[in-house]
Amino acid sequence: MSWQPELDELRKREAMAKEMGGTEKVAKHRSHGKLPIRDRIAALLDAGSFREIGTLAGKAEYENGQLKSFMAANFIYGTGRIDQRKVVVGGDDFTIRGGASDAGIRGKQIHAEQMANSLRLPMVRLVDGTGGGGSVKMLERYGYTYVPANPAWNYVVDNMSMVPVVAACMGSVAGLGAARVVTSHFSILVEPTAQLFTAGPPVVKFATGENLSKEELGGAQIHRKSGVVDVVVPSEEEAFRQIRGFLSYLPSNVYQAPPVQPCSDPADRREEKLLSAVPRNRRQPVRIRPLMAAIFDVGSVFELARYGGAVVTALARLDGHPVGVIASDPYIAGGVMTVEGSDAMTRLVDLCQTFHLPVVVLTDQPGIAVGTHAERRGTIRYAARAVAAVYQATVPTAEIIIRKCFGVGGAGMTNRHGFVQRYAWPSGDWGSLPVEGGLEAAYRSELEASDDRQALLEDIRARLEAFRSPFRTAENFGVEEIIDPRDTRPLLCDWVRDAYALLPSQLGRPSHGTRP
Amino acid sequence: MPSINIESEVTGTVWKVEARVGQVMSEDETILILESMKMEIPVTAPAGGKIVDIKVAEGDHVTEQQLLVVLES
């Protein structure tokens with residue numbers, strides 16, 4: 001006299017749910033190079049750790065009171081573990097009615113976000129759906145229309161200030177699905193099989209007259225640099241690697257300090273090549289990525305915001321301690337700050353402030369972008385926003401001035417009115433304006449009055465050149481320490497422990513909500 | 001033979017053209033050098049291959065995303 005019959009019924013219904021859209025639809029999905037949602041979840045999570053929730057939700061058909069057929073809701077979610085840490089993961093089942101929400105059970109989406117918010121667990125979204133309530137057919141089904149509301153959006157937005165949110169665009173994703181991808185701290189687009197757009201080709205054709213394929217409208221080519229996602233990856237496997245990687249630097253929520261790992265890379269490693277990493281010729285750019293690799297724990301540099309152009313942002317580790325990193329790539333426009341770069345920097349600072357990661361700035365900043373194109377885009381306002389983010393952040397910050405530091409951009413790389421652990425390399429080159437740019441403007445009247453303008457120009461230049469030495473700045477305590485570049489890693493590994501000692505008193509929600 | 005379009009990542013001028021059409025480049029070898037923001041920025045071969053076309057000459061002004069070189073890999 002037990003409940004075994006009901007248990008049998010339960011298992012039967014679970015099995016029906018796991019058939020998803022049926023053998024044919026699942027095979028078609030696979031043939032496009034896409035994994036079905038439960039396979040994606042299994043590939044992402046630690047083996048066997050997925051605990052699905054809401055498996056039984058869906059549309060049932062009965063005959064003579066008996067369950068005849070069952071179409072599962074096309075949103076699958078539950079909890080699981082990534083590197084043994086619990087997360088909430090949810091994703092769309094594209095094999096059922098193209099993943100549109102009108103076939104799904106809205107409650108599952110809401111419950112997933114609410115669970116992440118209340119249990120304070122990272123939220124992972126594997127998005128492969130055509131949007132939210134976006135089918136005109138629903139008018140017929142309901143017999144009325146409605147003012148739209150994005151389901152669970154109170155939790156979706158609050159989660160940005162509570163837990164790490166990571167999203168992958170893994171198919172053709174429009175509208176609400178696209179919004180769920182981008183309302184995250186880190187987002188990924190799978191190049192071979194995914195596109196992301198506000199609305200797909202049919203709506204666009206109606207709205208703007210453009211006749212475009214899905215790839216042309218929102219494929220990798222569009223979004224590699226558009227800023228809509230952090231990174232474009234070549235496969236689903238790489239997407240899962242990126243998700244796991246990103247989460248490994250962050251705590252499970254804002255109430256915990258970032259996870260410190262054991263580190264086999266010696267904190268006192270001094271790389272010989274750092275002594276000549278910066279070219280003596282001011283016109284020759286420095287290769288920033290090998291430089292970063294020489295400073296941070298081996299293999300620990302994890303780049304974010306690949307659309308950032310000359311601004312390089314990353315997560316990394318120092319002696320096992322996660323940190324945020326801001327650097328410049330002078331191979332791109334000499335390293336100037338553009339709109340995209342400013343956005344990347346703002347997001348990195350806000351991410352680190354939210355999750356309490358100390359920040360390391362490797363300064364080589366010639367300044368904010370100039371010229372008509374830059375002006376048309378309103379560049380300095382976006383740069384000012386990045387600087388405001390820096391000044392509003394309270395996480396411990398260290399700065400290594402490796403080369404240039406000029407102008408409003410250079411000034412704004414760290415909070416120069418607060419405490420920053422600052423070191424300068426002998427290659428440091430700083431000022432309000434570089435002599436090259438500022439001479440003609442500052443000495444205009446003298447030059448105009450002169451008989452031999454060129455000779456006077458050379459004269460002034462030589463005179464000012466002598467004043468440019470970082471040692472003169474140090475004499476006036478304009479910079480606290482000039483160091484041997486090879487000492488950078490040991491110094492930063494020492495600093496990071498001081499930084500982490502401050503974190504416990506800073507934990508908790510950010511003072512201003514975090515936005516995508 | 002896949003062809004690779006090498007576009008400029010910056011707005012600036014072509015300072016030096018170091019390679020010729022028909023030359024076989026190895027990965028990371030410098031094809032030409034742009035000047036932007038008072039920096040000499042090398043444009044390198046993203047993969048080994050033969051230069052099929054160089055669209056710019058020394059002194060030319062270039063804009064971001066402008067096609068510079070076509071490489072056949």
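## Strands, helices and contacts in a two-chain model

In this predicted model, strand E3 of chain B is joined by 2 bridges to strand E6 of chain B, which covers residues 49-54, and E3(B) and E6(B) run antiparallel. One residue pair can be named here, since Val24(B) has Lys50(B) as its bridge partner in E6(B). The pairing belongs to an open sheet of 4 strands in chain B, whose order is E1-E8-E6-E3 and whose pairing is antiparallel. At the edges of this sheet stand strand E1 (3-7) and strand E3 (24-25) of chain B, each of which pairs on one side only.

Chain B also touches chain A, with 9 residues of chain B in contact with 12 residues of chain A. On the chain B side of this contact, the largest share comes from strand E5 of chain B (residues 39-44), which gives 3 residues.

Within chain A, the domain assignment gives two parts, namely domain 1 (4-248) and domain 2 (272-433 + 468-506). The C-alpha centres of domain 1 and domain 2 of chain A lie 37 Å apart, and 11 residues of domain 1 of chain A are in contact with 10 residues of domain 2 of chain A.

Two helices of chain A offer a further view of packing: helix H3 (residues 37-44) and helix H11 (residues 236-248) of chain A pack at an angle of about 45 degrees, with their axes 9 Å apart. Because angles under 35 degrees count as roughly parallel and those from 65 to 115 as roughly perpendicular, this angle makes H3(A) oblique to H11(A). The crossing in which H3(A) passes H11(A) is right-handed. Where the helices meet, Arg40(A), Ala43(A) and Leu44(A) of H3(A) come together with Glu236(A), Glu237(A), Phe240(A) and Ile243(A) of H11(A).

The table sets out the residue classes for these contacts.

| Contact | Nonpolar | Polar | Charged |
|---|---|---|---|
| Side of chain B that touches chain A | 4 residues | 2 residues | 3 residues |
| Side of domain 1 of chain A that touches domain 2 of chain A | 4 residues | 5 residues | 2 residues |
| H3(A) with H11(A) | 4 residues | no residues | 3 residues |

Read by row, the side of chain B that touches chain A includes 3 charged residues, while the side of domain 1 of chain A that touches domain 2 of chain A includes 5 polar ones, and the contact of H3(A) with H11(A) has no polar residues.

How values were computed. Residues are numbered from 1 along each chain as its sequence is written. Chains are lettered from A and ligands numbered from 1 in the order in which they are written. This is a predicted model: local features need pLDDT of at least 70, side-chain atom pairs count only at pLDDT 80 or more; totals for chains, interfaces and linings use all residues. Two strands pair if DSSP finds at least two bridges between them. Two residues are in contact if their C-beta atoms, placed from the backbone, lie within 7 Å. Ala, Val, Leu, Ile, Met, Phe, Trp, Tyr, Cys and Pro count as nonpolar, Asp, Glu, Lys and Arg as charged, and the others, Gly among them, as polar. Domain bounds come from an automatic or database domain assignment. Axes are lines fitted to C-alpha atoms, for helices over the stretch in contact, and angles run from 0 to 180 degrees between N-to-C directions. Angles under 35 degrees count as roughly parallel, over 145 as roughly antiparallel, 65 to 115 as roughly perpendicular and the rest as oblique. A crossing is left-handed if the near helix is turned anticlockwise from the far one by less than a right angle, and right-handed if clockwise.
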